[in-house]
Every structure is written in structure tokens, then in C-alpha cells.
Amino acid sequence: MIIEMRSYTLKPTTVPAFEERYAAALPGRLELSPLAAFWHSEVGTLNQVIHVWPYADLNERARIRAEAIARGVWPPKTQEFVVDMRSEIFLPAPFSPPLTPRALGGIYEIRSYTIAPGAIPGMIERWSAKIEERVKLSPLVGAWYSELGELNKWVHIWAYKDALERQRIRAEAVARGVWPPGGGAAGIVLRQENMLVVPAAFSPLH
């Protein structure tokens, strides 16, 4: 399985109009493959939308995207709103949950780490030892590592009821020694970013 995360930065004030047109075009696109999630940013880079599409492999992705264009059902007519676009391909860690439609929370935190070359296997090993206890506090949406796009990237997404619950759970995880996993050599993580995002009304994960 591969996961495509597409991040679009939009012109200020245009997120509602973008989502409206996207939602109108979506039924035709869903006849070909499922959308996993659609969020817009609340904290972090503003006026950004993030949509997540799972595929069996790169060949299936190419075939479905070509068919969507041939049928005239995709892409939605949103080009006038877009400032820039980024597409990244990820592979799920062994413990990453399936991207099935479900209600998990009002906000989602997307955390992106750039880590040292060759460090992904160790990251998976350390997280595997700790993740069972961590997900008892709040659900993990996904833990993925990059295959195409920016390399050596580790992305993990967590769901919370709201920002206050996020703050409480993160503090509890640290106090109980549940999280973060730790154990890696100093300097493994080179850069960290995070953002809080809100699901659109049509997002399968909400």
C-alpha cells in the first residue's frame, strides 16, 4: 500500500469555496478509488488543504488518475484558488492503522520529522515497542515514512477531541513515561514541524 498526501496552499479566504467545489466533484472521483481524509489547516501554515489518497501501488495510482481525467470527473475546478501544490508518497509503518472511515475527533495533529539518512528502521523499532500504550490515550491515524518527495521524512497523525484534550493527553503521556519513544541516538531527528487541522464535512476521517 502507498499513501499520497497532497497539500495545497490556497489564496486567503478561499478555503470554503475550494471545499465546496471539491465536494461537488468528489462523487465521480470516488467511483474509482476512496478518499481517506481531507483537512484544512487551523494552526500552522494557514489556507492549506491536505487530502490523503491510498492506493495499492504506484501503478494503480497512475491508472486511476488517468481514468479520472479521461472520464472528465477530476480534478475539480479549483485552480483559481491554488497558490502552490505538493504531492508526497508515503509507506505505512507496520503498526499504522488502516485508513478506514471513522469518527476520531474534532482536530488532527500532523507531525512531520526529517530524520537522519538510514534511521527509518530504528524509528519503526522504537515506536513499535511503545505504540501500544500510547494509543490507549488517543488514536493514531497514521505513521508513515516517505518514498517519493522529501526523503527521510516521518509523518505521524493523531486525533483529539479538541486542543485542550491534546494538551492534556500529551502531558499525561510524558508524565507516565509512555511517550515519546526515545532511545535513539542524539541527532537522529534533524527537523520537526507540526500543524493542527480540521476535517472537512465530507472527510471520511472526522
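**Exercise 1. Helix α1: span, kink and burial**

Compare the reach of helix α1 with the span expected for its number of residues, then find its kink and its buried residues.

*Solution.*
- Step 1. Helix α1 covers residues 15-30, which is 16 residues. From first to last C-alpha it reaches 21 Å, close to the 22 Å expected at 1.5 Å a residue. These values come from a predicted model.
- Step 2. Look for a bend. α1 has a kink of about 35° at A24. The proline P27 follows shortly after.
- Step 3. List the buried positions: V15, F18, E19, Y22, A25, L26, G28 and R29.
- Step 4. Compare the spacing with helix geometry. An α-helix has 3.6 residues a turn, so residues three or four places apart point the same way.
- Step 5. Identify the cover. The buried residues of α1 are covered by elements including β1 (2-10), β2 (37-43), β3 (48-55), α2 (58-71) and β4 (82-92).

**Exercise 2. The barrel**

Work out the strand order of the barrel, then place helices α1 and α4 on the sheet.

*Solution.*
- Step 1. Eight strands close into a barrel, in the order β1-β3-β2-β8-β5-β7-β6-β4. The pairing is antiparallel.
- Step 2. Add the twist. On average, neighbouring strands of this sheet are turned by 35° against each other, direction ignored.
- Step 3. Place α1. This helix packs on the sheet and touches β1, β2, β3 and β4. Its direction makes about 15° with that of β3.
- Step 4. Place α4 (residues 163-175). This helix also packs on the sheet, with β5, β7 (153-160) and β8 (189-199) as the strands touched. The direction of α4 makes about 50° with that of β5.
- Step 5. Check the pairs that β4 makes. Eight bridges join β1 to β4. Within that pair, I3 has F90 as its bridge partner, and Y8 stands opposite M85. Four bridges join β4 to β6 (residues 140-148), again antiparallel. L91 stands opposite Y145 there.

**Exercise 3. Two nonpolar cores**

Find the residues that touch the most other members of the largest nonpolar core, and trace the elements that supply this core.

*Solution.*
- Step 1. The largest core has 24 residues. F95, I115, W127, I131, W154, W158 and W179 touch the most other members.
- Step 2. Two or more residues each come from β5, α3, β6, β7 and α4. The largest share, five residues, is from α3.
- Step 3. Follow one member. Leaving out residues up to four places away in sequence, F95 touches I124, W127, S128, I131, L140, A143 and W154.
- Step 4. Another core of 21 residues lies apart from the largest one. Y8, L35, W53 and I64 are among its residues.

**Exercise 4. Backbone details in the loops**

Locate the cis peptide bonds at P75 and P180 and the positive phi values at N47 and N152.

*Solution.*
- Step 1. W74 and P75 are joined by a cis peptide bond, with omega about 5°. P75 sits in the loop between α2 and β4.
- Step 2. W179 and P180 are also joined in cis, with omega about 0°. The loop between α4 and β8 holds P180.
- Step 3. N47 has phi near 55°, positive though the residue is not glycine. N47 lies between β2 and β3. Its relative accessible area is 25%, so N47 is partly exposed.
- Step 4. For N152, phi is near 60°. N152 lies in the loop between β6 and β7. N152 counts as partly exposed because its relative accessibility is 26%.

Note on methods
Residues are numbered from 1 along each chain as its sequence is written. This is a predicted model: local features need pLDDT of at least 70, side-chain atom pairs count only at pLDDT 80 or more; totals for chains, interfaces and linings use all residues. Side-chain values use heavy atoms; hydrogens and water are left out. The expected span of a helix is 1.5 Å times one less than its number of residues. The bend at a residue is the angle between axes fitted to the seven residues ending there and the seven starting there. Buried means under 20% relative accessible area, exposed over 50%, partly exposed in between (1.4 Å probe, protein chains only). Contact means heavy atoms within 4.5 Å. Two strands pair if DSSP finds at least two bridges between them. Axes are lines fitted to C-alpha atoms, for helices over the stretch in contact, and angles run from 0 to 180 degrees between N-to-C directions. A nonpolar core is a set of buried Ala, Val, Leu, Ile, Met, Phe, Trp, Tyr and Cys residues joined through side-chain atoms within 4.5 Å.
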